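Q: Please take one part of this model and go through it closely, setting out how its pieces are paired and which ring contacts can be listed. I would like the cut-offs stated along the way.

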Amino acid sequence: QVQLVESGGGLVQAGGSLRLSCAISGRTFTKNAMGWFRQAPGKERDFVAAISWSGSTTYYADSVKGRFTISRDNAKNTVYLQMNSLKPEDTAVYYCAVDGQSYSDSNLRYETKYDYWGQGIQVTVSS
């Protein structure tokens with residue numbers, strides 16, 4: 001059974017940093033794209049960042065470009081999201097996701113791309 005468990009969330013002041021981790025168990029995903037999404041209260045879940053199956057290419061929402069960095073450690077079966085210069089509008093529940101199909105980098109910005117999801121972790125940025 002595949003499980004994704006996020007950690008590293010919490011409360012931070014505007015301008016601060018957090019590093020989210022997503023540990024994956026039950027299967028290895030060394031050739032699979034991974035992503036992060038977030039959902040603010042009363043809003044739909046939105047794309048934040050993705051990393052290609054090879055790890056060579058990253059993709060970001062315009063709202064986080066230059067502030068957030070996605071990375072992966074295949075040896076640890078873990079994907080990370082480094083968040084710097086946080087803003088109150090970054091407050092949301094953050095979800096990691098993995099594509100069950102290997103060697104595919106299409107449609108990384110869409111929820112339907114991903115087959116496995118974490119339970120979500122709260123990030124709150126105070127002004």
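A: Two strands count as paired if DSSP finds at least two bridges between them, where strands (E, at least two residues) are DSSP runs numbered from the N terminus. The model is predicted, so local features need pLDDT of at least 70 and side-chain atom pairs count only at pLDDT 80 or more, while totals for chains, interfaces and linings use all residues. Residues are numbered from 1 along each chain as its sequence is written, and side-chain values use heavy atoms, with hydrogens and water left out.

The part chosen is strand E8, residues 78–83, of which 5 of 6 residues are buried; buried means under 20% relative accessible area, exposed over 50%, and partly exposed in between, with a 1.4 Å probe and protein chains only. Strand E7 (residues 68–73) pairs with E8 in the antiparallel sense over 6 bridges, and Thr69 stands opposite Gln82 in this pairing. The two strands form a hairpin with 4 residues between them, and Asn77 in the turn has a positive phi of about 50°. Strand E3 (residues 18–25) is also joined to E8 by 6 bridges, again running antiparallel, with Cys22 opposite Val79.

A side-chain contact involves Tyr80: the charged end of Arg19 sits over the ring of Tyr80, 4.0 Å from its centre. A charge is said to sit over a ring if NZ of Lys or CZ of Arg is within 6 Å of the ring centre and within 35 degrees of the ring normal.

The wider setting includes ring contacts, for the structure holds 6 aromatic pairs. Rings of Phe, Tyr and Trp (its six-membered ring) pair if their centres lie within 6.5 Å, and planes under 30 degrees apart count as stacked, over 60 as edge-to-face and the rest as tilted. One of these pairs is formed by Phe29 and Tyr116, which is tilted, at 5.5 Å centre to centre and 55° between the planes. Phe29 lies in the loop between E3 and strand E4 (32–39) and Tyr116 in strand E10 (residues 116–117), so the pair ties together parts that are 87 residues apart in sequence. Phe29 is buried, with a relative accessible area of 0%, whereas Tyr116 is partly exposed at 25%.
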